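Thanks for coming. I'll go through one chain today, starting with its charges and ending with a few single residues.

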Amino acid sequence: MVQDPLLGWLAEVTRPHRRLGVALATALMTLSLVGLFAVAPPIAAIWWFALCLTGLFSAYSFLTICFYAEGVTKAAALGPGGHLRLAGWREAGSLLGVCLAAVAPVALLALTDRPFAGFAVFFAALALAATLAMHREWQGSPNAMTDSVFALFRPVFADPLARRLLLIALLNGAPVAVTSTLFLFFVESRLKLPGQEGPLLLLFFLAAALSTPGWSLLARRHGARRVLLAAMALSIVAFLWTVTLGAGDGFAFALVCAASGAALGADMTLLPAIFAERLARIDARAAAAFGLWNFVAKLSLAVAAATVLPALDLAGFRPGEENSAFALNTLTLIYAAVPCVLKIAAIVLLAFTSIPEPEKR
């Protein structure tokens, strides 16, 4: 989380050599994943694990920032609504990648007794193919950046709407952060469905992936803010139903996963597209701005983990054990009710935010 603004600065500094920077970051991400899953630790396992994760997620964050920043430039060539069109397909690809990564080790288990090592090799081949396919798409700058670090972020902080969008992103990301933190606990302890966490999580992300082109199309026809507000309301309806669920309600919770996953697709597609559209209007440094955007997104996860887990501990909840009715009710309220309150706050803030809409198509 703390390094993302710095990675945004680094993406701007290295913009004249964007292709090389992306290639090096992809190589670091790939080597880190191979080291994590396919190499016996040459040093103490915990330190090797930490080293590989640091390399993996630092490179991933840098590449994400570059990818989103490039989209600001590319969308201009797509005409009115270009940011929404690009975001729909970008997020669909991203979420389908999550689904593929979730099932690949299980599928590879039929071919090898080291499925995660096979996954690492598969990922390395995929990363090489993606790097070659995207090689000509990266638009570097002929001039090196001369702005100071603070000057890079000034256009975003100076623009009231950009600041408001960052705050909305923080509030709107908090519900997903809370539910992501507690998902496994809820399925195992409240629903009493151990072993079903994987399929339910896959359903959640698959619903999100399949919904993104549709949200993009709706936003271009009816306005991004209006459609996003409707999707946020859908998320609240789904999670209010979750409060009533108990042991064995797997089918009902699968419907919740599908509905909330679809709502997540709107969050992931429309908010970044609105932010990117604003960056283009105020001529902000896109990579630096998306460094801030990544920071805000991860801040939600950090705050969720730092608050809800101690709260559950105080309520006496113990993962994998028999828990009291009070502990389970606390788990349900935090998992389902708290996200609704946070989402309502995000809805109110968005409802009172005026967002210029591109021409509808």
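**Charges, fold and a few residues**

The side chains of the protein chain include 25 positive and 19 negative ones, and the centres of these two sets are 9 Å apart. Keep in mind that this is a predicted model. The average pLDDT of the protein chain is 89, and 96% of the residues score at least 70. Taken by element, helix α2, residues 18–38, has the highest mean pLDDT, at 93, and α6 has the lowest, at 84. As a general caution, predicted coordinates should not be read in detail where pLDDT is low.

Now the surface. About 17,300 Å² of the protein chain is accessible, and carbon and sulfur atoms account for 71% of that. Of the 361 residues, 46% are buried.

Next, the fold. What does the secondary structure come to? There are twelve helices and zero strands in the protein chain. The radius of gyration is 21 Å, close to the 21 Å that the globule rule gives for 361 residues, so the protein chain is as compact as a globular protein of that length. The C-alpha trace spans about 65 × 55 × 35 Å along its principal axes. As for contacts, take those between residues at least 6 apart in sequence: 80% of them join residues at least 24 apart.

Let me take one helix. Helix α6 covers residues 149–158, and its residues Ala151, Leu152, Phe153 and Val156 are buried. Which helices do the buried residues of α6 pack against? They pack against α1, residues 4–13, and α7, residues 160–190, and also against α10, residues 250–282, and α11, residues 286–314. To repeat the caution from earlier, α6 is the element with the lowest mean pLDDT, 84.

On to α7, where Thr179 sits. Is Thr179 buried or exposed? With a relative accessible area of 10%, Thr179 is buried, because the cut-off for buried is under 20%. Leaving out residues up to four places away in sequence, Thr179 touches Phe239, Tyr335 and Pro339. For a distance, the C-alpha atoms of Thr179 and Phe290 are 24 Å apart, with the two positions 111 residues apart along the chain.

For contrast, look at Arg226, in helix α9, which runs over residues 224–242. Arg226 is exposed, at a relative accessible area of 58%. The C-alpha atom of Arg226 is 33 Å from that of Leu7, and the two residues are 219 residues apart along the chain.

Last, two loop residues with a backbone angle to look at. In general, most residues other than glycine have a negative phi. Lys192 is not a glycine, yet has a positive phi of about 55°. Lys192 lies in the loop between α7 and α8, the latter being residues 197–222. Its relative accessible area is 36%, so Lys192 is partly exposed.

The other one is Asp283, in the loop between α10 and α11. Asp283 is also a residue other than glycine with a positive phi, near 55°. How covered is Asp283? At a relative accessible area of 68%, Asp283 is exposed.

That's what I have. Happy to go back to any of these residues on the screen.

Methods: Residues numbered from 1 in each chain as written. Heavy atoms only, no water. Helix = DSSP H or I, 4+ residues; strand = E, 2+ residues; numbered from the N terminus. Rg over C-alpha atoms; globule rule 2.2 N^0.38 Å. Buried < 20%, exposed > 50% of the residue type's maximum accessible area, 1.4 Å probe, protein only. Contact = heavy atoms within 4.5 Å. Areas by Shrake-Rupley, 256 points an atom, 1.4 Å probe, with all protein chains shown as cover. Lys, Arg positive; Asp, Glu negative; His and termini not counted. Charge placed at Lys NZ, Arg CZ, Asp CG, Glu CD. pLDDT = per-residue confidence, 0-100.
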